[in-house]
Amino acid sequence: MTYSSTLTSKNQTTLPKAIALLLGVKPQAKLSYEVTDEGKVLLSAKSATFKDIAGSFPKKKPAKAVAVEDMRRAIAAGAAKRFEKSVK
């Protein structure tokens with residue numbers, strides 16, 4: 001399918017809505033243009049990196065430290081429970 005838009009005097013264009021939906025982009029998205037040897041332009045949406053979106057995650061307070069011995073006891077208790085279930 002072919003879509004078109006008009007280039008303004010400031011070298012700007014409006015991305016057709018169908019193309020924006022196909023690319024899954026929203027305002028402020030980064031777009032990548034690749035020019036092939038045949039003179040065609042390939043347009044793709046640049047994926048966000050973790051660094052780009054890291055600030056959008058809620059800040060978590062560090063969990064209280066757990067002693068290694070407490071972890072070992074919890075693992076042993078879980079394994080014992082699982083074993084008891086498997087032999088019933």
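Is lysine 46 buried or exposed? Lysine 46 counts as exposed, at 58% relative accessibility. The cut-off for that class is over 50% relative accessible area. The model is predicted, and the description below starts from its overall form.

The chain contains three helices and two strands. Their order along the sequence is α-β-β-α-α. Confidence averages a pLDDT of 87 over the chain, and 98% of the residues reach 70 or more. The elements differ in this respect. Helix H3, residues 68-87, has the highest mean pLDDT, at 92. Helix H2, residues 50-53, has the lowest, at 71. Where pLDDT is low, predicted coordinates should not be read in detail.

The radius of gyration of the chain is 27 Å. For a compact globule of 88 residues, a value near 12 Å would be expected. The C-alpha trace spans about 70 × 35 × 25 Å along its principal axes. Burial and contacts were also computed. Buried residues account for 6% of the 88 residues in the chain. Of the contacts between residues at least 6 apart in sequence, 5% join residues at least 24 apart.

The largest pocket holds about 540 Å³ of space. Its lining consists of 24 residues, and those closest to the pocket centre are Leu15, Pro16, Ile19, Tyr33 and Leu43. Three elements give two or more residues each to this lining: helix H1 (17-23), strand S1 (31-35) and strand S2 (41-45). Helix H1 supplies the largest share, with three residues. By class, the lining of the largest pocket divides into 15 nonpolar residues, eight polar residues and one charged residue.

Lysine 46 lies in the loop between S2 and H2. Leaving aside residues up to four places away in sequence, lysine 46 touches Lys30 and Leu31. The C-alpha atoms of lysine 46 and serine 32 are 5.9 Å apart in space, with the two residues 14 apart in sequence. Lysine 30 is also one end of a second C-alpha pair. Its partner is glycine 55, 25 residues away in sequence and 17 Å away in space. Glycine 55 is placed in the loop between H2 and H3. The relative accessible area of glycine 55 is 65%, so this residue is exposed.

Two residues other than glycine were examined for backbone geometry. Asparagine 11 has a positive phi, near 60 degrees. Asparagine 11 belongs to the segment before H1. Its relative accessible area is 62%, and asparagine 11 is therefore exposed. Glutamine 28 likewise is not a glycine and has a positive phi, of about 80 degrees. Glutamine 28 sits in the loop between H1 and S1. With a relative accessible area of 76%, glutamine 28 is exposed.

Key: Residues numbered from 1 in each chain as written. Predicted model: local features only at pLDDT ≥ 70, side-chain atom pairs only at ≥ 80, totals over all residues. Heavy atoms only, no water. 1 Å grid on protein atoms, 1.4 Å probe; cavity = no way out; pocket = protein on both sides within 12 Å on 5 of 7 lines; lining within 4 Å. Points joined across faces, edges and corners; volume = space filled by probe spheres on them. Helix = DSSP H or I, 4+ residues; strand = E, 2+ residues; numbered from the N terminus. Nonpolar A, V, L, I, M, F, W, Y, C, P; charged D, E, K, R; others polar. pLDDT = per-residue confidence, 0-100. Buried < 20%, exposed > 50% of the residue type's maximum accessible area, 1.4 Å probe, protein only. Rg over C-alpha atoms; globule rule 2.2 N^0.38 Å. Contact = heavy atoms within 4.5 Å.
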